[in-house]
Amino acid sequence: MRKLTLPRTLLNDVSCMRNAQQILRHVNGSVHDGVALVLKGSNDSGKTTFLRILAGFSRPSAGQILWNGHDTSQSEIFHQYKLQLNWLSLKDAVKEKFTVLDNVQWFEVSMSSFYRLQALVA
């Protein structure tokens, strides 16, 4: 029998408005450890907006995002939440001339350099 685990991130009735237009409406969902999240949809369906909200770059206009059971709208929780995330945009995500292994290694080197720089600044 499989042990039931709580989701790492939980979205409760999340909505997003931009330029007086509803982009996301009443989104509910969860993300568990070790699970891949795949978003599919047509252009302008809100995929990027959803990811930006999940990554903390944008805030929902309504609803709640819980991380480890804590509301990310609280600044101290949001700070801890952001420290656990990595964002890789399409612009710098995959180098076409690299193999899959080369891309993964390039990303690891890039991120370790970023964290070293962050540690020096802090």
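The largest nonpolar core in this predicted model is built from twelve residues: L11, V14, C16, L24, F50, I53, L54, I65, W67, I77, F78 and Y81. Four elements, namely β1 (9-18), α1, β3 (62-67) and α2 (75-83), each put in at least two residues of this core.

Helix α1 (47-55) is a good place to look at the packing in more detail. Its buried residues are T49, F50, I53, L54 and A55, and the buried residues of α1 pack against β1, β2, β3 and α2. Three of them, F50, I53 and L54, also turn up in the largest core. As a bit of helix geometry, an α-helix has 3.6 residues a turn, so residues three or four places apart point the same way. Just after α1 comes G56, with a positive phi near 85°.

F50 itself touches L11, L24, V27, L37 and L39, leaving aside residues up to four places away in sequence. L11 and L24 from that list are core members too, whereas L37 and L39 join L51 in a nonpolar patch on the surface. Together, the three leucines of the patch offer about 220 Å² of accessible area. L39 sits in the loop between β2 (21-31) and α1, and counts as partly exposed because its relative accessibility is 32%, which lies between the 20% and 50% cut-offs.

Then there are the aromatics. The structure holds one aromatic pair, made by W67 and Y81, with 5.9 Å centre to centre and 65° between the planes, an edge-to-face arrangement. W67 lies in strand β3 and Y81 in helix α2, so the pair ties together parts that are 14 residues apart in sequence. Both rings belong to residues of the largest core: W67 counts as buried at 13% relative accessibility, and Y81 is buried as well, with a relative accessible area of 3%.

Zooming out, the protein chain has four helices and four strands, running in the order β-β-α-β-β-α-α-α along the sequence. Of its 122 residues, 20% are buried. Among contacts between residues at least 6 apart in sequence, 47% join residues at least 24 apart. The accessible surface of the chain comes to about 9600 Å², and carbon and sulfur atoms account for 57% of that area.

Notes: Residues numbered from 1 in each chain as written. Predicted model: local features only at pLDDT ≥ 70, side-chain atom pairs only at ≥ 80, totals over all residues. Heavy atoms only, no water. Buried < 20%, exposed > 50% of the residue type's maximum accessible area, 1.4 Å probe, protein only. Contact = heavy atoms within 4.5 Å. Areas by Shrake-Rupley, 256 points an atom, 1.4 Å probe, with all protein chains shown as cover. Patch = residues over 30% accessible without salt bridge, like charges linked within 9 Å, V, L, I, M, F, W, Y side chains within 5 Å. Salt bridge = Lys/Arg side-chain N within 4 Å of Asp/Glu carboxyl O. Core = buried A, V, L, I, M, F, W, Y, C linked by side-chain atoms within 4.5 Å. Phe/Tyr/Trp six-rings, centres within 6.5 Å; stacked < 30°, edge-to-face > 60°.
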